[in-house]
Amino acid sequence: MKQRSAVTGWTLLILTPVNVITQGISVLRTTIVVSAVIGTVLFTVLSFFLSTLITRPVFKLIKAMRSTRLGILRTTEKASSTMEIQELNYSYNKMVDNINELIQLVYEKELSRSHTELKALQAQINPHFLFNTLDVLYWSLLDKDEDELAGYVVAMSDLFRYTITGQSEEGWVRLRDELEHIGKYLYIMKVRFEDRLEWEIEASPEAQDAELPRLLLQPLVENAVLHGVESRIEPGRVKLTAAREGERIVITVEDDGIGMDEEKLSSLMEELDSGRVTSSKASGVGIANVQKRLQLFFPGTGEQAGVMRIDSRKGQGTTISIEIPVQGGTMP
């Protein structure tokens with residue numbers, strides 16, 4: 001190094017040996033090389049560890065997804081500490097669980113439908129066999145001049161035909177058809193009760209074309225016969241009336257049986273409201289069935305709703321009336 005003085009004009013020289021200046025360069029060079037090697041090794045190891053930590057769960061998830069092509073739906077293990085990978089695993093496992101539930105549900109529905117179709121085919125055979133048997137019985141009774149019993153067989157055949165074959169239609173019938181069915185039922189009950197049973201059916205002409213669900217009235221009439229007439233030693237009477245009042249059809253079933261006291265009637269009404277009816281002779285069950293069907297076929301309030309009322313007094317019989325709109329209800 002050199003520097004000239006402006007005062008004296010002299011030039012100052014400082015000499016340093018080269019070996020003194022380069023004395024620590026080899027150590028520094030070695031340190032840099034060693035640090036570079038160690039840094040490269042650490043970078044490689046950490047990069048491999050991090051990539052494995054991320055890619056291994058992803059590869060497992062991809063493998064599980066590819067297995068779905070073969071119809072194998074399995075959940076994956078939650079073996080990752082990465083939040084994003086955990087979310088992917090959770091979403092995939094949830095999807096697999098939902099798909100498996102849907103597959104099971106579809107399988108059960110298909111199985112149930114197969115059983116239903118089998119029962120439907122069986123149900124088509126049973127009525128056919130029954131009607132043929134009754135037809136043979138009818139002609140056999142005619143050959144033996146048992147005209148009265150033959151008439152009962154015809155009524156029973158019509159009763160079964162209306163009850164059994166009509167169930168598959170799940171439709172509506174006119175009130176006149178339902179009343180005709182009730183008349184045949186009471187005619188058959190005459191075989192059991194003979195002179196102890198009297199009945200009367202009255203329906204105004206403007207009410208007979210009203211539509212109502214099939215077999216809506218039979219449980220009420222059956223209840224009147226079994227708990228009205230049967231409970232009496234002397235002859236009993238069942239009366240069914242139907243009339244149109246404005247835009248409503250009022251149908252009433254009366255009997256002169258033993259009736260119910262206020263406590264029993266209140267208990268029955270509470271059971272009907274709660275939907276839990278218990279009865280040794282299933283009379284309450286039949287009434288509950290009618291009320292439930294009224295709610296299903298005639299939903300809503302006011303003039304569009306189906307209503308059932310029960311009035312009974314001890315020793316004075318029971319009266320059950322239902323009201324339905326003239327234009328009919330809806331298919332549940």
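This report walks through model confidence, salt bridges, a charged patch and two backbone oddities in one protein chain.

## How far to trust it

First things first: this is a predicted model. The protein chain averages a pLDDT of 80, and 84% of the residues score at least 70. Where pLDDT is low, the predicted coordinates should not be read in detail.

Confidence varies from element to element. Strand 7, covering residues 248–255, comes out on top among the elements with a mean pLDDT of 93, while helix 3, covering residues 83–143, sits at the bottom with 73. Both elements turn up again below: Arg248 lies in strand 7, and Asp143 is placed in helix 3.

## Salt bridges around helix 5

Side chains of opposite charge can pair when their charged atoms come close. Searching the whole structure turns up 8 salt bridges. One of them links the side chains of Arg176 and Asp209, with an N to O distance of 2.3 Å. Arg176 lies in helix 5 and Asp209 in the loop between strand 4 and strand 5, so this pair ties together parts that are 33 residues apart in sequence. Neither end is hidden away: Arg176 counts as partly exposed at 36% relative accessibility, and Asp209 is also partly exposed, at 40%.

Glu180 and Lys184 make another salt bridge, this time at 3.7 Å, N to O. Here the partners both belong to helix 5 and are 4 residues apart, about one turn of the helix. Glu180 is partly exposed, with 46% relative accessibility. Lys184 gets the partly exposed label too, at 23%; the cut-off for buried is under 20%.

## A buried pair and its network

Next up is the salt bridge between the side chains of Glu323 and Arg248, at 3.6 Å, N to O. Glu323 lies in strand 9 (residues 317–325) and Arg248 in strand 7, so the pair ties together parts that are 75 residues apart in sequence. Both Glu323 and Arg248 are buried.

This pair also has company. Arg309 joins Arg248 and Glu323 in one network, built from salt bridges that share partners.

## A negative patch

Which residues gather in a patch of negative charge on the surface? The members are Asp143, Asp145, Glu146, Asp147 and Glu148. Asp143 has its place in helix 3, the element with the lowest mean pLDDT, and the model shows Asp143 as exposed, with a relative accessible area of 64%.

## Two positive phi angles

Most residues other than glycine have a negative phi, and most peptide bonds are trans. Against that background, two residues are worth a look.

Glu194 is not a glycine, yet its phi is positive, about 55°. You'll find Glu194 in the loop between helix 5 (175–193) and strand 4 (197–203). Is Glu194 buried or exposed? Glu194 counts as exposed, at 53% relative accessibility, with the cut-off for exposed being over 50%.

Leu215 is the other case: its phi is near 65°, again a positive value in a residue other than glycine. Leu215 sits in the loop between strand 5 (211–213) and helix 6 (218–229). With a relative accessibility of 12%, Leu215 counts as buried. So there's one loop residue that is exposed, Glu194, and one that is buried, Leu215.

How values were computed. Residues numbered from 1 in each chain as written. Heavy atoms only, no water. pLDDT = per-residue confidence, 0-100. Helix = DSSP H or I, 4+ residues; strand = E, 2+ residues; numbered from the N terminus. Patch = residues over 30% accessible without salt bridge, like charges linked within 9 Å, V, L, I, M, F, W, Y side chains within 5 Å. Areas by Shrake-Rupley, 256 points an atom, 1.4 Å probe, with all protein chains shown as cover. Salt bridge = Lys/Arg side-chain N within 4 Å of Asp/Glu carboxyl O. Lys, Arg positive; Asp, Glu negative; His and termini not counted. Charge placed at Lys NZ, Arg CZ, Asp CG, Glu CD. Buried < 20%, exposed > 50% of the residue type's maximum accessible area, 1.4 Å probe, protein only.
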